[in-house]
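Biologist: Could we go through this model together? I should like to begin with its open spaces and then turn to the ligand.

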Amino acid sequence: MNIERSDRLKKLPPYLFVEIDRAKKKARSQGRDIIDLGVGDPDIPTPKFIIDELHKASLDESTHRYALDAGLLELRKAIAEWYKTRFNVTLDPETEILPLIGSKEGIAHIPLAFVNPGDRVLIPDPCYPPYRSGTIFAGGEPIYMPLLEDNAFLPDLKKIKPDAAKRAKIIFANYPNNPTGAIASKEFFKDLIAFAKKFNIIVCHDAAYSEINFDGYKAPSFLEIEGSKEIGVEFHSFSKTYNMTGWRIGFVCGNKDVISGLAQVKSNIDSGVFTAIQIAGIAALKSGIKNAIQFGSMYQERRDTVINGLARLGWKIQKPKATFYVWAHTLKGYDSTSLAKHILEKADVVITPGVGFGTYGEGYIRIALTVGKDRLAEAIERIKKVI
Ligand SMILES: *Cc1c(COP(=O)(O)O)cnc(C)c1O
């Protein structure tokens, strides 16, 4: 039988991490001691009080059945309370909040609710890949907005062609940003809202890193800005804030019509988040922001280890104010892929080539701060010997 994949799969951009993945596998199979600064996955386990809550909830038989599509009301209430405390944003737990099986799930599915074949979706470049794949799966056409260093890695909304804007259904934004580590001011969000209103575009703001902040900075929510709820939603995740990447729980909140559109898609695809995990999520939210502060200062120390270490090698890099990524220029004589390959082959350190996040990621590499300070210092020592 001839098994042929769908056009939508064939339309996905080539997976540019192939070479690095292959080199990493080979190095591991040779038993080399690899320091992996590639993956954006926290190395510290989930806090014990959250695990204890999952354990307790999993022993309660009522959690074993299908979850409600809309999630537990108590979870939605805890999310509303968290938003009120953290951002002073008021949300209606009945209509303006929807739990997700990780925010990636909601991000990848939302175009199915609003994008028709041929519609445009405005996507930052470089970016978190599901904005692209979700758009392509819905038959939409990505229009890329370059994130340039000259513009502090914000999209220049004035440069978006009116023709593209008129045909666009969704605009994705993500601050604090993966992969660049950039942050957005409230002014930027105001401009984004004005732009979206003018062209009748849904704003999908991804705030996965809102709680990983440094130097006293505190990322704002898109929903703090007046008018935001009329045109947009914000995606949130437990993954980075509470080290829960494997648990698969996140949420989206904001405009109720956008939320109910996504809920309709999801009710045809999944059956919600395991109830015991939702209960553990409530415990996480109710613990306040002390965890975030503790993890934040840990990542800040790691950031300084990397930035100061690389500065001693003459590699000047701006200190990010948020996220656990360092976004650095490639070095003379290398593009992002050849530099990542060189550092892996000669120093046994994995970093991510920027081009894997989009065309405008070329010229940069991403270093994830997801190993301890000592290992980071060792990685710098090893890199020093080969560049
Ligand atoms: C990690 C990450 C997510 C979160 O994903 P989950 O599915 O909630 O684990 C979302 N957006 C960005 C930009 C990320 O880096």
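Modeller: The following exchange covers the pockets, the ligand, the cavities and some backbone features of this predicted model.

Biologist: What volume does the largest pocket have?

Modeller: The volume of the largest pocket is about 1000 Å³. Its lining consists of 38 residues, and those nearest the centre are F17, K104, Y128, P129 and P130.

Biologist: Which elements give two or more residues to that lining?

Modeller: They are the helices α2 (18-29), α5 (103-114) and α6 (130-137), together with the strand β11 (352-353).

Biologist: And which domains does the lining draw on?

Modeller: At least three lining residues come from each of domain 1 (7-45 + 290-384) and domain 2 (48-286).

Biologist: How does the lining of the largest pocket divide by class?

Modeller: There are 18 nonpolar residues in that lining, along with 11 polar and nine charged ones.

Biologist: Let us turn to the ligand. Which residues come nearest?

Modeller: The ligand has 13 residues around it, and D206, Y209, S239, K240 and R248 come nearest.

Biologist: What does the side chain of D206 contribute?

Modeller: D206 places a polar side-chain atom 2.6 Å from a nitrogen atom of the ligand.

Biologist: Which side chains approach an oxygen atom of the ligand?

Modeller: S237 has a polar side-chain atom 2.7 Å from a ligand oxygen. For N178, an N or O atom of the side chain is 2.9 Å from an oxygen atom of the ligand.

Biologist: Then how much of the ligand does the protein bury?

Modeller: The protein buries 94% of the 390 Å² that the ligand exposes when taken alone.

Biologist: How many cavities of 30 Å³ or more are found in the whole structure?

Modeller: The search finds five. The largest cavity has a volume of about 40 Å³.

Biologist: Which residues line the largest cavity?

Modeller: Its lining is formed by W82, S210, E211, H236, S237, F238, T241, Y242, F251 and L285. S237 therefore appears in two places in our discussion: it lines this cavity, and its side chain has a polar atom 2.7 Å from a ligand oxygen. By class, the cavity lining has five nonpolar residues, four polar and one charged.

Biologist: One last topic, the backbone. Where are the cis peptide bonds that you can report?

Modeller: One runs from D125 to P126, with omega near 5 degrees, and P126 sits in the loop between β3 (120-125) and α6. Another joins Y175 and P176, where omega is about -10 degrees; P176 belongs to the loop between β5 (168-174) and α8 (186-199).

Biologist: What is the sign of phi at A152?

Modeller: A152 is not a glycine, yet its phi is positive, at about 55 degrees. This residue lies in the loop between β4 (141-146) and α7 (162-166).

Biologist: Why are such features worth pointing out?

Modeller: Because most residues other than glycine have a negative phi, and most peptide bonds are trans.

Terms used: Residues numbered from 1 in each chain as written. Predicted model: local features only at pLDDT ≥ 70, side-chain atom pairs only at ≥ 80, totals over all residues. Heavy atoms only, no water. 1 Å grid on protein atoms, 1.4 Å probe; cavity = no way out; pocket = protein on both sides within 12 Å on 5 of 7 lines; lining within 4 Å. Points joined across faces, edges and corners; volume = space filled by probe spheres on them. Helix = DSSP H or I, 4+ residues; strand = E, 2+ residues; numbered from the N terminus. Nonpolar A, V, L, I, M, F, W, Y, C, P; charged D, E, K, R; others polar. Domains from an automatic or database assignment. Near = heavy atom within 4 Å. Polar contact = N/O pair within 3.5 Å; in protein donor to acceptor, adjacent residues only side chain to side chain. Areas by Shrake-Rupley, 256 points an atom, 1.4 Å probe, with all protein chains shown as cover.
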